Amino acid sequence: MSGAQVAIVYGSPNDAEVMGKAKPVLDRFGVTYTEAAISAHRAPRVLVQWLGELEADGLKVVIAGAGLSAALPGVVAAHTPLPVVGVPLKGGAMDGLDSLLSIAQMPPNVPVACVGLGNSANAALLAVQMLALSDDRLAKELRDYKTELEQAARDGLKK
């Protein structure tokens, strides 16, 4: 298998561009990842098998993007004990609000973290923060990253 620390999964190849914004963040921190387009509705058994294989290979966090009914993050969370970060995707009659609410309002005992609409970069950063809890190198890089953000803000004030 892949040996990935993070899985990026979305329900349709149409979501690849938005979900792909997670990859530069993971790359910046040297976090390995794999990605797939697997529908929770059209291929639920394929999804569960894929998750099981990745989990057995050391996967640590799943980033799951979904639009419309946004079932994918919840289905993933129902089939793995790993942390799941849901990315609501824009589209449909409510332009993503339905996705946001579907992911944020999970039933008891099936938690899914939720970031803003289409914000897979924040999902990746949250995944890195989760991994940093048990990885000193990542923890240091995150502290350095926060320092860089602060310095950039200060530099912006001087202009």
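Here are some numbered notes on this structure, which is a predicted model.

1. Let's start with the inside. The largest nonpolar core has 26 residues, and the members that touch the most others are Val6, Phe29, Val31 and Ile63. Both strands and helices feed this core: strands S1 (6-10), S3 (61-66) and S4 (84-88), together with helices H2 (23-28), H6 (120-132) and H7 (136-157), each give two or more residues. Helix H6 provides the largest share, with seven residues. Apart from this core lies another one of 22 residues, including Ala7, Leu47, Ala77 and Leu82.

2. Phe29 deserves a look of its own. Which residues does Phe29 contact, once neighbours within four places in sequence are left aside? The partners are Leu125, Val128, Arg137, Leu138, Glu141, Leu142 and Tyr145. Two of the helices named for the core, H6 (120-132) and H7 (136-157), are the place to look for these partners of Phe29 on your screen.

3. Now to the open space. Rolling a probe the size of a water molecule over the atoms shows where empty space is left. The largest pocket found here has a volume of about 300 Å³. It is lined by 19 residues, and Gly11, Ser12, Asp15, Gly67 and Leu68 are the closest to its centre. Strand S3 and helix H4 (71-79) each supply at least two residues of the lining. What is the make-up of this lining by class? There are nine polar, seven nonpolar and three charged residues.

4. Gly67 is one of the residues closest to the pocket centre, so you may want to see where it sits: in the loop between S3 and H4, partly exposed at a relative accessible area of 27%. Leaving out residues up to four places away in sequence, Gly67 touches Leu89 and Ser99. The C-alpha atom of Gly67 is also separated by 7.8 Å from that of Gly92, a residue 25 places away along the chain.

5. Next, the charged pairs. Side chains of opposite charge can pair when their charged atoms come close. How many salt bridges does a search of the whole structure find? The search finds five. One of the salt bridges joins Glu148 and Arg28, with the closest N and O atoms 2.7 Å apart. Because Glu148 lies in helix H7 and Arg28 in helix H2, this pair ties together parts that are 120 residues apart in sequence. Both ends are partly exposed: Glu148 has a relative accessibility of 44%, and Arg28 has one of 36%.

6. Two further salt bridges sit within helix H7. The side chains of Lys140 and Asp144 meet at 2.8 Å, N to O. These two residues are four places apart in H7, so about one helical turn separates them. Lys140 is partly exposed at 46% relative accessibility, and Asp144 is partly exposed at 34%.

7. The other pair in H7 is Arg154 with Glu150, whose side chains form a salt bridge at 2.6 Å, N to O. Here too the spacing is four residues in the helix, which means about one helical turn between Arg154 and Glu150. Arg154 counts as partly exposed at 45%, and Glu150 counts as partly exposed at 43%.

8. Finally, a word on the backbone. Most residues other than glycine have a negative phi. Asp95 has a phi near 55°, a positive value in a residue that is not glycine. Where does Asp95 lie? Asp95 is in the loop between S4 and helix H5 (97-104). With a relative accessible area of 44%, Asp95 is partly exposed.

9. Asn109 also has a positive phi, of about 75°, although it is not a glycine. Asn109 belongs to the loop between H5 and strand S5 (113-114). Is Asn109 buried or exposed? Its relative accessibility is 79%, and the cut-off for exposed is over 50%, so Asn109 counts as exposed.

How values were computed
Residues numbered from 1 in each chain as written. Predicted model: local features only at pLDDT ≥ 70, side-chain atom pairs only at ≥ 80, totals over all residues. Heavy atoms only, no water. Core = buried A, V, L, I, M, F, W, Y, C linked by side-chain atoms within 4.5 Å. Buried < 20%, exposed > 50% of the residue type's maximum accessible area, 1.4 Å probe, protein only. Contact = heavy atoms within 4.5 Å. 1 Å grid on protein atoms, 1.4 Å probe; cavity = no way out; pocket = protein on both sides within 12 Å on 5 of 7 lines; lining within 4 Å. Points joined across faces, edges and corners; volume = space filled by probe spheres on them. Nonpolar A, V, L, I, M, F, W, Y, C, P; charged D, E, K, R; others polar. Salt bridge = Lys/Arg side-chain N within 4 Å of Asp/Glu carboxyl O.
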